[in-house]
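Colleague: I am new to this structure, and I would be grateful for a close look at a single part of it, with each term explained where it comes up. Please begin with the cysteines and go on from there.

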Amino acid sequence: RAKEAGRNQAQYYSRNFHEQIEKRARLETDLSKAIDDDQFILHYQPQVDVDGKRLVGIEALIRWQHPQLGMISPDEFIPIAEESNFINELGRWVIRTACAQFSHWLERFNTAEIHFSVAVNLSAKQLKDKGLIDYCRDCIEHYKIPPKRFELELTESNLVSSLDAVDTLNELAEIGVELALDDFGTGYSSLSHLKAYPFSILKIDKSFVQSAKPGQDECMLKAVCAFAKSLNYKTVAEGIETEQQHKLCAELNIDRLQGYYFGRPSEVDVIEQKWLA
Ligand code: C2E
Ligand code: MG
Ligand code: MG
Ligand code: MG
């Protein structure tokens with residue numbers, strides 16, 4: 001009987017595995033048509049200042065509205081897009097769409113009053129796209145975006161410490177945009193190499209915020225924060241979900257706060273109603 005149970009389980013796992021492979025293959029095929037079919041949308045999540053009141057940043061996060069499979073999260077399809085060159089086309093769509101949206105906000109709300117930045121996520125694989133730098137520069141010029149207000153986020157684990165990457169990042173920084181290291185503390189980049197990269201912002205990973213309980217793992221968040229500040233990085237804390245986490249981040253004087261506690265990633269209308277009305 002044990003043998004039979006084992007066999008059933010093995011069948012279950014292999015069926016499951018098979019389904020996963022099929023889904024992946026399907027997503028891979030469907031991805032290539034999804035831009036033209038308008039199936040991608042950017043959601044926007046607010047970043048606020050230390051007392052939680054003023055909007056200081058907005059991060060664009062991509063979603064895929066699949067006609068049959070429903071909403072698919074970037075954690076599922078970005079890795080698939082990264083395996084093909086499609087990430088380059090998709091990444092450009094994200095940059096273009098976020099710039100267009102930002103320029104709309106700049107026009108609607110008198111540029112002088114705009115005190116927030118807009119951030120997009122970049123896959124490290126896009127740094128190999130020879131046309132990326134010109135594309136960013138052209139978008140920023142075309143949409144009249146103040147470059148200092150446009151941020152590119154790269155995750156630490158995604159970033160291979162190759163010389164190529166440093167050169168490309170330096171060229172991006174020369175356009176005047178800000179570069180942020182995302183999910184900081186979860187990758188394995190050597191801290192001593194960090195200063196070789198032109199990042200001006202460290203986004204402290206949500207795991208540090210969420211494991212922080214007074215007197216307990218709080219010391220990890222404090223240490224990461226002290227490290228970032230002593231090297232003069234601007235700091236952003238991700239994943240703030242509770243009042244207590246907000247309080248702790250405020251005590252640590254983290255420059256910008258982001259998380260469900262202040263607002264979930266949402267469609268343009270929601271962001272405008274809550275933060276730009
Ligand atoms: P990320 O850039 O670190 O974005 C933060 C993620 O944490 C988002 O997940 C966001 O919805 C989620 N989040 C925000 N506040 C909270 C909170 O309080 N609690 C918790 N538990 N989660 C929170 P999302 O939107 O599913 O994106 C996942 C990742 O996919 C992003 O992580 C980013 O690495 C990648 N991604 C998203 N959009 C793009 C894109 O346009 N291009 C590329 N290359 N990657 C993207
Ligand atoms: Mg990000
Ligand atoms: Mg992050
Ligand atoms: Mg992440």
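Modeller: When a disulfide is taken as a pair of cysteine sulfur atoms within 2.5 Å, the count for this predicted model comes to zero disulfides. The sulfur of Cys136 has its closest cysteine sulfur in Cys139, but the distance is 7.1 Å, too far for a bond. Cys249 is in a similar position, since the closest cysteine sulfur, that of Cys225, is 7.9 Å away and again too far for a bond. Cys136 is buried at a relative accessible area of 3%, and Cys249 is buried at 0%; here buried means under 20% relative accessible area, exposed over 50% and partly exposed in between, with a 1.4 Å probe and protein chains only.

Some conventions apply throughout. Residues are numbered from 1 along each chain as its sequence is written, while chains are lettered from A and ligands numbered from 1 in the order in which they are written. Because the model is predicted, local features need pLDDT of at least 70 and side-chain atom pairs count only at pLDDT 80 or more, whereas totals for chains, interfaces and linings use all residues, and side-chain values use heavy atoms, with hydrogens and water left out.

The part to look at closely is strand β1, which covers residues 40-48; helices (H or I, at least four residues) and strands (E, at least two) are DSSP runs, numbered from the N terminus. Eight of the nine residues of β1 are buried, so the strand is largely enclosed by the rest of the structure. Strands β1 and β2 run antiparallel and are joined by nine bridges, where two strands pair if DSSP finds at least two bridges between them. Within this pairing, His43 has Leu61 of β2 as its bridge partner. The two strands form a hairpin with six residues between them, and Gly52 in the turn has a positive phi of about 80°. Strand β1 also pairs with strand β9 (residues 256-258), in the antiparallel sense and over two bridges, with Leu257 in β9 as the bridge partner of Val48.

The aromatic rings add further contacts. Rings of Phe, Tyr and Trp (its six-membered ring) pair if their centres lie within 6.5 Å, and planes under 30 degrees apart count as stacked, over 60 as edge-to-face and the rest as tilted; by this rule there are 10 aromatic pairs. One of them is the tilted pair of Phe40 and Trp64, at 5.8 Å centre to centre with 40° between the planes. This pair links Phe40 in β1 with Trp64 in strand β2 (residues 55-66), 24 residues apart, and both Phe40 and Trp64 are buried. In another pair, the ring centres of Tyr44 and Trp105 are 5.4 Å apart and the planes stand at 75°, so the pair is edge-to-face. Here Tyr44 in β1 is linked to Trp105 in helix α3 (residues 86-108), 61 residues apart, and both Tyr44 and Trp105 are buried. Ring pairs also join Phe40 and Trp64 with Phe77 and Trp93 into a cluster.
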